[in-house]
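Okay, hi everyone, thanks for coming. Let me put the structure on the screen, and then we'll walk through it together.

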Amino acid sequence: MMLKAVQYPNAAMTLQHSCKRNPSVNPLPPLEWRPFQLGFILLAAESVCHPDSPERDVLDLLWFPTGGGKTEAYMALIAMLAWHRRLSQVNPDDGTGNVALMRYTLRLLTAQQFDRACALVLACELIRKGLADPRRGKSVLGTIPFSIGLWVGEKATPNRYKDAK
């Protein structure tokens with residue numbers, strides 16, 4: 001199971017990376033992980049996947065400059081947890097549900113990061129359906145799709161149905 005717990009998130013991140021540009025017009029180089037990203041993922045993986053981990057009581061804060069790859073590192077952890085939860089259940093649908101909440105203080109940043117998170121969720125869903133997997137057409141894990149939502153506050157989206165009409 002450990003191989004799949006790494007294989008699926010890596011495939012999802014590779015697909016998410018490929019969504020950044022139109023590959024036929026402006027191809028991107030293959031996804032390459034930076035050493036700090038791999039270190040962050042390896043340090044956090046155990047506590048992310050195991051609720052009884054003593055590491056959950058530890059908080060490390062590290063500043064890293066803009067453009068350093070922080071988003072990919074924590075999105076890889078989100079994908080890892082989402083896949084781990086499905087892979088660790090007899091019925092994969094029992095491992096579904098809310099995996100992560102992300103909060104950003106700036107609206108533009110929220111929109112940009114939501115686009116990136118959507119690409120990751122779409123990649124996970126394509127893999128789950130078997131559409132981006134070497135075993136094309138074979139559903140991998142359960143019937144409940146990966147999904148994503150966005151709430152950006154009352155000034156950008158209505159909070160009530162009556163206000164949305």
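Let's start with a puzzle: why does Glu72 count as buried? Well, its relative accessibility is 9%, and the cut-off for buried is under 20%, so Glu72 makes it into that group. Keep that residue in mind, as we'll come back to it. Oh, and one thing before I go on: what you're looking at is a predicted model.

So, the overall picture. The protein chain has five helices and zero strands, and if you read along the sequence you get α-α-α-α-α. Of its 165 residues, 32% count as buried. And if you take the contacts between residues at least 6 apart in sequence, 63% of them join residues at least 24 apart.

I want to spend most of my time on two of these helices. Here's α3, which runs over residues 70-87. That's 18 residues, and from the first C-alpha to the last it reaches 26 Å, close to the 26 Å you'd expect at 1.5 Å a residue. How much of α3 is buried? Mostly it's covered: 14 of the 18 residues are buried.

Now α4, residues 107-129. Let's do the check again. With 23 residues at 1.5 Å each, α4 should span 33 Å, and its end C-alpha atoms are 32 Å apart, so the two agree. Among the buried residues of α4 are Thr110, Ala119, Val121 and Ala123. Right after the helix comes Gly130, which has a positive phi, near 85°.

How do these two helices meet? The axes of α3 and α4 come within 11 Å and cross at roughly 30°, and the crossing is right-handed. On the α3 side, the contact is made by Thr71, Glu72, Tyr74, Met75, Ala79, Trp83 and Arg86. On the α4 side you've got Gln113, Arg116, Ala117, Leu120, Cys124, Ile127 and Arg128. Sort that contact by class and you find eight nonpolar, two polar and four charged residues.

And there's our Glu72 again, in the contact. What does its side chain meet? Glu72 forms a salt bridge with Arg116, at 2.5 Å from N to O. That pair links distant parts of the chain, since Glu72 sits in α3 and Arg116 in α4, 44 residues apart. The partners are not alike in cover: Glu72 is buried at 9% relative accessibility, while Arg116, at 27%, counts as partly exposed.

How many salt bridges are there in the whole structure? A search finds four. Another one is inside α4, between Glu125 and Arg128, with the closest N and O atoms 2.6 Å apart. Why can these two reach each other along the helix? An α-helix has 3.6 residues a turn, so residues three or four places apart point the same way. Glu125 and Arg128 are three residues apart, so about one helical turn separates them. Are they buried or exposed? Both Glu125 and Arg128 are buried.

Last stop, further along the chain. Asp163 and Arg160 meet in a salt bridge at 3.6 Å, N to O. Here Asp163 is partly exposed, at 38% relative accessibility, and Arg160 is partly exposed too, at 45%. Lys162 joins in as well: Arg160, Lys162 and Asp163 are linked in a network of salt bridges.

That's my tour, thanks for listening!

Note on methods:
Residues numbered from 1 in each chain as written. Predicted model: local features only at pLDDT ≥ 70, side-chain atom pairs only at ≥ 80, totals over all residues. Heavy atoms only, no water. Helix = DSSP H or I, 4+ residues; strand = E, 2+ residues; numbered from the N terminus. Expected span 1.5 Å × (residues − 1). Buried < 20%, exposed > 50% of the residue type's maximum accessible area, 1.4 Å probe, protein only. Salt bridge = Lys/Arg side-chain N within 4 Å of Asp/Glu carboxyl O. Axes fitted to C-alpha atoms, helices over the stretch in contact; angles between N-to-C directions. Left-handed = near helix turned anticlockwise from the far one by under 90°. Contact = heavy atoms within 4.5 Å. Nonpolar A, V, L, I, M, F, W, Y, C, P; charged D, E, K, R; others polar.
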